[in-house]
Amino acid sequence: MENVKTRHTPLAQKHGPQEAVGKAIDPSVYRSIVGSLQYLTLTRPDITHDVNLASQFMQNPNGMHLQAVKRILRYVKGTIDHGLKIISQSSFQLYGFSDADWVGCTITRRSTTGYSIYLGANCVSWSSRKQNTVARSSAEAEYRALAATAAELT
């Protein structure tokens, strides 16, 4: 994948050609690529959600899953200079940001919570995951995201 075109987003909104959906692939190759991407998420929180989504299909991946993983690799190639940077001359003020998307998963109808915690200018903790229960409103989904952020800050 050295000479591929880069992508501006790690995950496509629309699926590619449908002929790749049922195509059998080697699961060990898929697991190896996704495992390497999981290691990369330690310093690249921008791909954490996408890699988590790809890792849900480790048991029985197909061609569509491999296409999605290759798109993540193309995004990483185009954003090789992105990542967490540690700044030594930073304040000791602790603060956080949170967000939620209401009914982010169309299959389970659960929302996704995301937050990041900063110590000065340095990001020290972050998370992106599906909420445990189905939220009845966007306000409830946001409240659950704030609660998760407050628990992490505490």
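This passage describes selected local features of a predicted model, from its salt bridges to a strand pair and a surface patch.

Two salt bridges are present in the structure. Side chains of opposite charge can pair when their charged atoms come close. One of the salt bridges links the side chains of Arg44 and Asp46, with a nitrogen-to-oxygen separation of 3.0 Å, and the two side chains are likewise joined by a polar contact of 3.0 Å. The two partners differ in their exposure, because Arg44 has a relative accessibility of 3% and counts as buried, whereas Asp46, with a relative accessibility of 33%, counts as partly exposed. Arg44 is located in the loop that runs between helix 1 and helix 2, the latter spanning residues 48-55. When residues up to four places away in sequence are set aside, the contacts of Arg44 are with Tyr75, Val76, Thr79, Ile80, His82 and Gly83. The picture for Arg44 is thus of a loop residue that is buried at 3% relative accessible area and that touches residues including Tyr75 and His82.

The other salt bridge is formed by Arg144 and Glu140, whose closest N and O atoms lie 2.7 Å apart. Both residues belong to helix 4, and because they are four residues apart in that helix, about one helical turn separates them. Arg144 is partly exposed, its relative accessible area being 33%, and Glu140 is also partly exposed, with a value of 22%.

Helix 4 covers residues 138-153 and includes Leu153. Leu153 has a relative accessible area of 31% and is therefore partly exposed. Together with Leu94 and Val124, Leu153 makes a nonpolar surface patch of about 240 Å². The threshold for membership of such a patch is a relative accessible area of over 30%, so that Leu153, at 31%, meets this part of the criterion.

In helix 1, which extends over residues 27-40, attention may be given to Tyr39. Tyr39 is classed as exposed because its relative accessible area is 65%, and exposed residues are those with over 50%. The C-alpha atom of Tyr39 lies 14 Å from that of Val69, a residue 30 positions away along the chain.

Strand pairing is illustrated by strand 2, made of residues 112-119, and strand 3, made of residues 122-130, which run antiparallel and are joined by eight bridges. Within this pair, Ile117 has Ser125 of strand 3 as its bridge partner. The two strands form a hairpin with two residues between them, and in this hairpin Gly120 adopts a positive phi near 70 degrees.

Ser116 is another residue of strand 2. Ser116 counts as buried because its relative accessibility is 15%, and the limit for that class is under 20%. Leaving out residues up to four places away in sequence, Ser116 touches Tyr95, Gly96, Phe97, Cys123, Ser125 and Trp126. Ser125 therefore appears in two of the relations described here, as the bridge partner of Ile117 and as one of the residues in contact with Ser116, where contact is taken as heavy atoms within 4.5 Å.

Methods:
Residues numbered from 1 in each chain as written. Predicted model: local features only at pLDDT ≥ 70, side-chain atom pairs only at ≥ 80, totals over all residues. Heavy atoms only, no water. Patch = residues over 30% accessible without salt bridge, like charges linked within 9 Å, V, L, I, M, F, W, Y side chains within 5 Å. Areas by Shrake-Rupley, 256 points an atom, 1.4 Å probe, with all protein chains shown as cover. Salt bridge = Lys/Arg side-chain N within 4 Å of Asp/Glu carboxyl O. Buried < 20%, exposed > 50% of the residue type's maximum accessible area, 1.4 Å probe, protein only. Pairing = 2+ DSSP bridges. Polar contact = N/O pair within 3.5 Å; in protein donor to acceptor, adjacent residues only side chain to side chain.
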